[in-house]
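Okay, thanks for coming, everyone. Let me put the structure up, and then I'll walk you through a few spots in it.

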Amino acid sequence: MTNLQTLDEKARTVLRQNDKGHYTVPTHGLYPYQWNWDSAFAAVGFANYDIDRAWVELESLFAGQWDDGMVPHILFHQEDPGYFPGPDVWQGRGPIPSSGISQPPVAATLARRVFDKNPDVGRERLSPLYDRMVAWHRWFMDWRLDDGAVCIDHPWESGRDNAPDWDRGMGSIDPVGVGEYTRRDTTHVNSDMRPTRYDYDRYIWLVQRGARLGWQQSEIVKDIPFRVADPTMTFTLLRANRDLLALGALLGRDTSEIAGWIEILEAGAQSLWNPQRQHYDGRDVLSGSWADSLSNASFLCWYAGLDSEPMRRALREVLANVTYGIPSLDSRDTRFDGKRYWRGPVWGMMNMLAGLGMSEMGLPEGEVLRRSTAKLISEHGFAEYFDPRDGAPAGGQSFTWTAAVWLGWASPSAEAN
Ligand code: GLC
């Protein structure tokens with residue numbers, strides 16, 4: 001077996017080890033439940049060798065959908081004392097114990113990749129999921145828009161937990177009454193790779209507020225303490241609507257509502273354009289201030305179908321300053337920290353989304369990114385994330401989405417099948 005075949009096999013082993021039968025954990029220990037966008041990536045990984053299992057992953061995710069359309073960011077299928085905050089803190093009100101917030105909607109886009117692997121199976125499995133996806137996207141459109149951009153109500157909703165984009169909003173929260181709690185994440189990995197205590201108090205305070213309000217969106221938006229218009233959410237939802245529209249057309253559905261959402265989000269994405277810095281940015285809705293953060297989410301613009309010369313220029317500059325793909329924060333930024341989660345490290349799955357978008361829009365950097373991600377994984381393994389300067393693996397190990405990114409995009413064999 002060549003080295004690359006061995007890596008394909010190792011990636012499948014990671015997925016197998018993290019497979020709980022009908023859902024996949026991101027990694028044992030640190031993340032012992034089903035996470036929303038992690039699962040959508042897992043499905044792409046499975047689709048390479050087990051199409052049925054790929055659809056099962058997506059079906060389990062949508063089985064947790066709430067009656068208002070929201071699809072939670074965590075489904076607590078089975079209790080695990082190794083994770084905090086668990087179901088008792090969240091008090092979700094869906095059919096499966098869950099968190100009360102969502103995560104970037106990549107599922108429709110990645111379901112389309114799964115569909116394309118085997119359209120006959122896809123047609124049958126997609127049909128019931130399609131309506132659930134529409135309802136989920138409608139929930140974002142109903143509850144999360146500001147000036148046409150999609151907002152988050154909790155940093156965890158963005159999937160980029162401690163990105164500098166939320167610093168301003170987090171700073172205006174006084175986490176009074178949060179009480180005593182014991183973090184579990186720092187028992188699994190080194191604390192310098194994790195968010196700080198300051199951040200955690202505010203994360204938990206926001207969860208407690210949502211739980212107290214029964215996660216009723218109409219209550220949550222009143223006097224809201226945290227709301228940021230987020231490039232991750234805006235670009236992934238815009239892209240997901242394009243894919244959902246294509247899938248709806250394949251199924252012979254009326255897609256006019258989705259076409260309307262695409263128009264709103266295309267215009268809304270422009271409200272994330274930071275005119276001073278000339279790039280897409282996080283916008284704190286409550287204070288009206290910019291994050292001044294050139295992040296890997298800024299570079300999801302092509303994935304969303306939006307090209308521009310200033311973003312191409314920004315991309316070239318950012319890539320020139322690191323070795324492995326797009327850092328979660330520009331390495332020239334004074335807030336850059338190459339080991340701390342979403343404040344510097346490079347993430348394989350973000351490289352994949354950004355790279356796919358670039359290749360689709362004819363940017364040669366898409367292929368550059370694919371190759372550098374392949375090099376990163378083949379040299380440093382299936383870690384949760386990596387230092388973008390030297391590739392040092394960080395966070396959890398044997399990570400589902402890194403294995404899935406290898407199988408579904410980065411590996412040379414991904415093209416062949
Ligand atoms: C972290 C990441 C988030 C991911 C989760 C599980 O919270 O920030 O994006 O979904 O871990 O991997």
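Before we start, one bit of vocabulary: when I say helix or strand, I mean a DSSP run, H or I of at least four residues for a helix and E of at least two for a strand, numbered from the N terminus. What you're looking at is a predicted model, where local features need pLDDT of at least 70 and side-chain atom pairs count only at pLDDT 80 or more, while totals for chains, interfaces and linings use all residues. Residues are numbered from 1 along each chain as its sequence is written, and side-chain values use heavy atoms, with hydrogens and water left out.

So, R227 lies in the loop between α10 and β5, which covers 228–229. Is R227 buried or exposed? It counts as buried, at 10% relative accessibility. By buried I mean under 20% relative accessible area, by exposed over 50%, and partly exposed is in between, using a 1.4 Å probe and protein chains only. The side chain of R227 also has a partner: a polar contact of 3.0 Å joins it to the side chain of D153. A polar contact, by the way, is a pair of N or O atoms within 3.5 Å; within protein, one must be able to donate a hydrogen and the other to accept it, and residues adjacent in sequence count only if both atoms are side-chain atoms.

Now the ligand. Which residues surround the ligand? They are P26, Y31, W35, W37, D38, Q103, G159, D161, Y341, W342, F399 and W401, and near here means having a heavy atom within 4 Å. By class, that shell has eight nonpolar, two polar and two charged residues. For those classes, Ala, Val, Leu, Ile, Met, Phe, Trp, Tyr, Cys and Pro count as nonpolar, Asp, Glu, Lys and Arg as charged, and the others, Gly among them, as polar.

Look at the ligand's oxygen atoms next. One is 2.6 Å from an N or O atom in the side chain of D38. For W342, the side-chain distance from a ligand oxygen is 2.8 Å, and for Y31 it is 3.3 Å. On its own the ligand has 310 Å² of accessible area, and the protein covers 96% of that; those areas come from the Shrake-Rupley method with a 1.4 Å probe.

One of the shell residues, W401, takes us to helix α16. In α16, residues 400–410, 11 of the 11 residues are buried, so this helix is largely enclosed by the rest of the structure. Among the buried ones are W401, W406 and W409. Just ahead of it, G395 is in the loop between β10 (393–394) and α16. G395 is buried too, with a relative accessible area of 11%. Its C-alpha atom is 9.8 Å from that of D192, although the two are 203 residues apart along the chain.

Last, some backbone oddities. Most residues other than glycine have a negative phi, and most peptide bonds are trans. Still, a cis peptide bond joins F84 and P85, with omega about 0°. P85 lies in the loop between β2 (74–75) and α4 (87–90). After α4, in the loop leading to α5 (107–117), comes Q91, whose phi is positive, near 50°. W215 has a positive phi as well, near 55°, and lies in the loop between α9 (197–212) and α10 (217–220). How do they sit? Q91 is partly exposed at 48% relative accessible area, whereas W215 is buried at 3%.
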